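User: Please take a close look at the packed interior of this model. Then work outwards to the charged pairs and the surface.

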Amino acid sequence: MPDTEQGGSMRRGRNESEEERADRMWTELIQEVRVAQMGVQILFGFLLTVVFTPTYAGLSGTDKNIYIVTVVLGACATGALIGPVTLHRLVSGRRIKPQAVQWASQLTLLGLALLLVTTSSSLLLILRVATQDDYVPYLVAGVVFWYLLCWFGLPMWARHRHTTRR
């Protein structure tokens with residue numbers, strides 16, 4: 001929608017009610033959650049199978065601990081990213097959609113943070129098993145930095161740079 005003059009100032013945004021905005025934001029949020037859920041479910045499914053492979057028995061104590069922490073993080077990420085669906089189902093029809101969108105958004109952000117840590121921990125474990133080189137922590141740190149930049153840095157920069165204060 002183009003900007004329109006209102007009282008001498010430019011107006012930006014949509015002309016929608018609080019409920020219409022909540023409906024739109026809910027639809028957008030669910031699409032975002034679908035993408036994240038797919039990633040976390042594939043990763044979590046893979047992690048669950050590792051313990052049943054012959055290689056698992058040969059892992060060091062440290063690597064087994066990293067694995068256990070990674071599986072727990074993956075389970076937590078899965079729960080947080082599925083949470084918005086359950087939240088919607090349980091509060092649907094209760095006329096609290098704007099609040100539900102906020103709660104679901106917070107769960108989604110928590111799920112993404114947990115997915116970041118799960119993915120990073122998985123990478124650490126895989127690289128520790130694949131190679132014994134001392135550069136593994138630096139590679140993982142570089143990937144974590146990349147995730148932080150892509151998942152949070154760029155969006156926060158864009159939010160700060162391109163939104164107006166009211």
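Analyst: The answer below starts with the interior and moves outwards.

This is a predicted model, in which local features need pLDDT of at least 70, side-chain atom pairs count only at pLDDT 80 or more, and totals for chains, interfaces and linings use all residues. Residues are numbered from 1 along each chain as its sequence is written, and side-chain values use heavy atoms, with hydrogens and water left out.

Start with the nonpolar cores. A nonpolar core is a set of buried Ala, Val, Leu, Ile, Met, Phe, Trp, Tyr and Cys residues joined through side-chain atoms within 4.5 Å. Buried means under 20% relative accessible area, exposed means over 50%, and partly exposed is in between (1.4 Å probe, protein chains only). The largest core holds 18 residues. Within this core, V40, L47, Y56, Y67, V71 and L114 touch the most other members. Three helices, α1 (18-50), α3 (61-91) and α4 (97-130), each supply at least two of the core's residues. Helix α3 gives the largest share, seven residues. Helices here are DSSP runs (H or I, at least four residues), as strands are (E, at least two), numbered from the N terminus. A second core is separate and has 10 residues, among them A22, L87, V101 and A104.

Now L47. Contact means heavy atoms within 4.5 Å. Setting aside neighbours within four places in sequence, L47 is in contact with Y67, T70, V71, T118 and S122. Of these partners, Y67 and V71 are also among the core residues that touch the most other members.

T118 deserves its own look. It sits in helix α4. T118 counts as buried because its relative accessibility is 0%. With neighbours within four places in sequence left out, T118 is in contact with L43, L47, T70, L73, G74 and A77. Its side chain also has polar partners. A polar atom of the T118 side chain lies 2.7 Å from the backbone oxygen of L114. A polar atom of that side chain also lies 3.3 Å from the backbone nitrogen of G74. For a polar contact, the cut-off is a pair of N or O atoms within 3.5 Å; within protein, one must be able to donate a hydrogen and the other to accept it, and residues adjacent in sequence count only if both atoms are side-chain atoms.

Next, the charged pairs. Side chains of opposite charge can pair when their charged atoms come close. A salt bridge here is a side-chain nitrogen of Lys or Arg within 4 Å of a carboxyl oxygen of Asp or Glu. The structure holds four salt bridges. One of them joins R128 and D63, with the closest N and O atoms 2.4 Å apart. R128 lies in helix α4 and D63 in helix α3, so this pair ties together parts that are 65 residues apart in sequence. D63 is buried, at a relative accessible area of 7%. R128 is partly exposed, at 29%.

E16, R24 and E28 are linked in a network of salt bridges. The closest N and O atoms are 2.8 Å apart between E16 and R24, and 3.2 Å apart between E28 and R24. E28 and R24 are four residues apart in helix α1, so about one helical turn separates them. E16 is partly exposed at 22% relative accessibility. R24 is partly exposed too, with a relative accessible area of 22%. E28 is partly exposed, at 36%.

Last, the outside. R95 lies in the loop between α3 and α4. R95 is exposed, with a relative accessible area of 79%. Its phi is positive, about 60°, although R95 is not a glycine.

Y135, Y138 and L139 form a nonpolar surface patch, with about 360 Å² of accessible area together. Patches take residues with over 30% relative accessible area and no salt bridge, joining like charges within 9 Å and nonpolar side chains (Val, Leu, Ile, Met, Phe, Trp, Tyr) within 5 Å. Accessible areas come from the Shrake-Rupley method with a 1.4 Å probe; for residues, only the protein chains shown count as cover. L139 is placed in helix α5 (residues 136-162). At 41% relative accessibility, L139 counts as partly exposed. C150 lies in helix α5 as well. C150 is partly exposed, with a relative accessible area of 33%. C150 and T78 are 72 residues apart in sequence and, C-alpha to C-alpha, 21 Å apart in space.
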